[in-house]
Every structure is written in C-alpha cells, then in structure tokens.
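Open the model in your viewer and keep the selection panel at hand. We will go from one stop to the next, with a short note on what to look for at each.

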Amino acid sequence: MDSPLRGRDPPSELEGGSRILLRRHSSVLSPAQLNLERLSGKSSISSVVFHKLPPNETLYLESTARIQKDSMASFMDFQVWDFPGQIDIFDNPTFDIDAMFGEIGALIWVIDAQDDYLEAVARLNVTILNLQRTYPNIKIEVFIHKVDGLSDDYKLDIQRDITIRIQDELSDHGFENAPVTFHLTSIYNHSIFEAFSKVIQKLIPRLGSLEAMLTNLCRTCRFEKAYLFDVLSKIYIATDNAPADMASYEICSDYIDVIIDITEVYGSWPRSKGYRESLEGAPWNQKLDDQVASNWAESCMVLTDANRPIMLREVDKYLALVAIMKDDSYDKMPLVNMNVDVVVQGLKEFFDITKPK
Amino acid sequence: MADLEASTPSLGAMGGDVRNEVKKPKKKKVLLMGKSGSGKSSMRSIIFSNYIARDTRRLGATIDIDLSHVKFLGNLTLNLWDCGGQEAFMENYLSQQRVHVFSNVGVLIYVFDIESRDVDRDMATYVSIMSALTQYSPTAKIYVLIHKMDLIMTQVREAVFMDRVKLVRQKTAEFLQGSNFAGGDVDLTPFATSIWDQSLYKAWASIIHDLVPNLSVIESQLASLGVLIEAEELLLFERTSFLVVSSWTSEEGQNNPTTDRQERISNILKHFKQSISRFTGTPRNAEQFTLMEHKAGGRFSIFCLKFTTNTYLMVILPPGEARFNAAKLNCQIARESFKFLDGPISAGGQSSAA
C-alpha cells in the first residue's frame, strides 16, 4: 500500500506485476528533419512530462536516433513512442505500419514554432492523409511547441496560420472533419501538461460520466474547480464542467508536488515497533489503525486570500482528487470529506467497470 | 481531550516567567562580502526577497554598498550590508571607508566562488578583509560560504569543498599568527552552498539561528509543547524567509534518515509560496496561507499553521485523528506563550487581535 502521497517504506520487496488496463499507444511523431541540430523538442516533452526532468536540463538530451518506447505505469497503462524526426516512416519499407498504428490512440505531432515550420506542416499533411485512409479513428494532436518567449498575438497568429494550412490541405483531399486539434505548448510552464491532459482525456472511455461526477461534487460542496489528477505525471484526466483556467490547474498540480515532497521527507522511513506501541497506550487506548480516520491521504490548505482552501484526497495508487473550494469552506471540512468520500467510491467503481476485461 | 486541558496551564505559567527575561531589540551589522559575481546579491534576494533562483539572472552588479534593513521575527533587525565586490570598491572599503565599514560588525559572511580562476588573489583579498575586521570588530562571527557548488560534479563535491575550506582555514591561521591577534582563535564556520538547491537555506538558517535573541527560551518552550502534543518534530519558521528559526525533534523523530529535512522543507514551502502568489495575485512577500494539513493515512500527519505574527509552526505527528485535532488546538492555545517572539514592535497589534 505504498503511495507517493502517503509515503513508502524503503524498497524491500519488488512491486507487483504491472497491470495492463488499457493498451493505447500515444506516439510522439515529429516532422522529418534532416538536420540533426534543429530539434522540435519531442524528447524534451516526454522527459519533462513523464520522467520529471527539470526543463532546463533538457538541453543535455541527445537527439533521438531510434524509435523509443516508454511505458507509463499509471491509472491506465499507455505507451509513448518517441519517433526520431529524421526518419520517414511511410517511405521506409522496414516499418510495419500496421503494427505501429493498429493499436494507436492518438498521434502527437510536434512543430517548433520558433523555426521555419512550412516543411513540418507539409510532412504532417502527408502523414494525416496517409493515416486518414486506413486508421480514421486516430486522433491527431498538433503541439505548436516552444511558444515561450513569443508574444500572445504572435502565438495566435502562428496557430491560425498552421490551422489554415492543414485544414485547407485536408479539405482539398475531401476530409472535412478530420480529428485534428491544436495546442500551444512549452516545457517551461504548465501548458505542456495541460495539452497532454487534453490528449489523454480523449482516450478515456466514458469521460462524460467522470466529468458529471466531478461536476456534481462541485455543486454539492460548492467547489470552484475540481481536478482528477494522475499523481506522477501531473496530467489531469478529468475536471468538472466549469471553464478550466491555467491558474487553478497550476496551483493544484503544485500542491500535489508539495505533498509528495513533504511525504518523501517524513513518510519514507519506518517508525520503530516500540514507538508505535507506545502510541496505542493511554490516553488513547486504541489500536493505531483505529485511531486513523481514513487510510487514504487527505490534505487541505487554507490560503490567506479570502480564506480559500484547496483540498486533496487520494483516490487510488495513481489518482488524486484536488479541488479549490470557496471562501470559508474550511469550517465545513468534515462534511466536505464525507461527500468527497462518496465520490471517491464512485470513481473507484467507475474504473472497475471501464477496465477492459 | 484530557491532554488539551492539561497542557494549557503549564504552558501559560512557563510563558509568564520568560517574558521578563526578553532582551531589548538590537541592531546587528551583517557584512556580506566576496569577489564580484560570486553571488552575494543573488542569495540575499532569494533568502530575504523571495526571488526564485531563476529570477536572480536579472540582477545587475552591486555598486558600492547596498544597505538593507531586514526585519526578522519582529524584534530583530538585521542591518545587512551587501558590499559590491569589484576591486575598486574593495580597495575603498579597506582604505577610506575602513572604520565606517568594519566597525561594529556582528557577522561577516564571506562568499567564495568555487569556480574562481584566481584562487590566490581571492585569498589575498580575504586576508586583507580579515585584517580590517579583526582590527575593528574582533568579536565578529565569520561564515565562509563556498558558493556555486552545483557546478561541481556530485561525486567530488565533498572533496572539493573540504579542500577549499582547508585552504581558507590555513590562510586564516597564517594571518592570525602574523598579526598577533589578541582575541585568540577566530570562530569560522564554513558552508557549501548553491542557489539551485536547499544548501543555501541550511547556511542561512544557521547564520540566523545564531542571531536570534532568547533562543534558549524558544527552544525549551518548543520542547515542552512537542512533548505535550506527542509530536515527532516541530519546526518554527520565520514568516517571510521561511528559514527554520528553531526546531525540536523527539527521540523517535531523530531516526529520520533525511538529515537535510529542515532546509528541504524551507525550500519546498518557499517555492509553493511563489505558486500561491501567482494564483492569488498577491505580492510575493505577503502572507500566503494560514493553514496546511496533510494526513497520510496510517503513516504520519503534518500541519503547518500561522503561529505568531512573524512565525509559522510546522508539526509532524504520528497518525491518529484525535491526536491531530487536539494538537492543532493545543498549538493555537500555545500561541499565547510564544507571543514574545514578535517583540515589542508588534505587541500592540497582537493583543488587539487576540
């Protein structure tokens, strides 16, 4: 029962076999680039999002020469395939296109916004056209990357330009409503996590029910915003239907970080047996396990600003519910905890039902 | 709840005794010196102005002496002299401004850049600073920070640090012998620091620790509070810098293998304060949160609350819902006995708030 939010013992036994819940590949492709020095940042993205590499250290990453497959042990097992930019998969007969795209859920195409992107857009068009014929269900997500340092107007100009170029090309070939989505991203802020969250959400079956549960909770407990987070990657897999804003996502994801960090300091060592026994004596006279109200991590923080609390509740090993509450809700925490508990049970049932048999 | 009632009178009585012993506020002169570009102003901004490490790139060179009065714990004002390190300034301090700069110094913080190319020259400057200091403020405490340690590979970091410290100590000893310094041995405390990790907090917490008045009173009060609420560890933070002013650890808590936990927690909370200030749009130096609690199932619980006007208290507890709630209440009651931390300046505000 180790968890990053409650702490873990020093590694004594191996983790149980990895559960395969969903095998969806979300592969990261990039525009073909013959020039090795000009990289669009695919490997940096996956290192930052999935391996917690600090953004400024991505400078030292080497260029990807082969396809790299990364499996994420998370609430749903998914794989990220990192494709080197300089390989053209459709022209190369050694690639088994069917094995590669057969099970794929989403294709993320990274375009460097600070570079000349015309060629990248052209290559993307070829790829989309190829994929649309055989695998129309693959969702195509375009990350317009490295937008940090660009002005807001300029960002939107680039996004509009790329969108028009791709849509025009597609409609010329008769694909009117191809599932192509665009995201502006950067590894130096939370936008990359936000974009990944949106991609992952598209791969979750029955996302609507999840969102309805959270919306309901928000209404009952007067939450401003609630997120269901994958703790390790900080990707949110569902939120309520209130408009999402970056600020609330950032504070919630940073809050998870704080709790993980503090837990690492104080939850990662076993207390001695004698000490635990002494805690069960007077004046409590109760087993330590019975003294605890909840076996799952519960946390709450009251901000000075209008006494707005943030609450966190662990759902299972991988997931946590984080919510921003309204003013002065702290006094009603016990009630909120009860409601959250019910929703957490519901979430667990949900994942039990949607788990592939 | 029996525990709660028992604790109140005992803490109250203890508080009464100590309030008479509280000393008057004192201005201490803290000199921050070292070669130009060694990172003096960067660390000052991080510790006292809530900059994050990245932001320090924006800082320019310090011209002459940057004087700042840092209010710490209400009644302790640090008179911080950030001395620009360019050679022309250094010469000026040692000649024309010698008396002005080096008299009445409480603490000298001398920063060495580990990457410096010209170590001999650094040492020569250091020795001349020492000679001026021993002349005008022989009782000053000396802290030597070997800075920018992040640039040294992890495996050899310890060795490089020890090496440099040895050199500094040797130079100091040579100088003392040569000058026949009357005060005997000079008290010199070395630290390896970097603005990119928690080592900076460790150094500054220990510098601050030595400057805080009534420290033994705070420590004994914390200890009795800790025992009463069955805590594993108590950390008392200063409000703006989030440096650990004082701490208490139970016998069991001392087995915690993470030895650098105090500065790690400072670092974590300080970074989170930045996030909150971005979220709420309040200034970085403002107070950001009043309470944080985390119950990690059957492992431990923790809470961090706004304690007195100038401090936060973090309490690490063994698991247990009732224990947690009782401890929280007890800490709120104990505030009364720690009021002296805020000193005479904020005493009026405190009592009216109560």
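Start where the two chains meet: 39 residues from chain A and 40 residues from chain B make up the contact. Keep in mind as you look around that this is a predicted model. On the side of chain A that touches chain B, the elements giving two or more residues are helix H7 (246-266), helix H8 (273-279), helix H9 (288-291) and E9 of chain A. Colour H7(A) before moving on, since it supplies the largest share of that side, 11 residues. If you colour by residue class instead, the side of chain A that touches chain B shows 22 nonpolar, nine polar and eight charged residues.

Next, select strand E9 of chain A, residues 297-303, together with strand E9 of chain B, residues 289-296. These two strands pair across the chains in the antiparallel sense, over seven bridges. For one pair to label, take Val302(A), whose bridge partner in E9(B) is Leu291(B).

Now stay on E9(A) and add strand E10 of chain A, residues 309-314. E9(A) and E10(A) are antiparallel too, with five bridges between them, and Glu298(A) stands opposite Arg313(A). Follow the chain through the turn of this hairpin, where five residues separate the strands and Ala306(A) has a positive phi of about 55°.

How many of the residues of E10(A) are buried? Six of its six are. Show the side chains to see the two directions: Pro309(A), Met311(A) and Arg313(A) point one way, while Ile310(A), Leu312(A) and Glu314(A) point the other.

Extend the selection to strand E11 of chain A, residues 319-325, which runs antiparallel to E10(A) and is joined to it by five bridges. Here Ile310(A) stands opposite Ile324(A), and four residues lie between the two strands of this hairpin.

For the last stop, switch to chain B and select helix H8, residues 215-228. This helix of 14 residues reaches 20 Å from its first C-alpha to its last, close to the 20 Å expected at 1.5 Å a residue. Highlight its buried residues: Val217(B), Ile218(B), Gln221(B), Leu222(B), Leu225(B), Gly226(B) and Leu228(B). Look down the axis of H8(B) and these buried residues fall within an arc of 160°, so they line one face of the helix. Turn to the face away from that buried side to find the exposed residues Ser216(B) and Val227(B). Finish just after H8(B), at Glu230(B), which takes a positive phi of about 60°.

Technical notes
Residues numbered from 1 in each chain as written. Chains lettered and ligands numbered in written order. Predicted model: local features only at pLDDT ≥ 70, side-chain atom pairs only at ≥ 80, totals over all residues. Buried ≥ 20, exposed ≤ 12 C-beta atoms within 10 Å, placed from the backbone. Pairing = 2+ DSSP bridges. Contact = placed C-beta atoms within 7 Å. Nonpolar A, V, L, I, M, F, W, Y, C, P; charged D, E, K, R; others polar. Expected span 1.5 Å × (residues − 1). Arc of directions from axis to C-beta.
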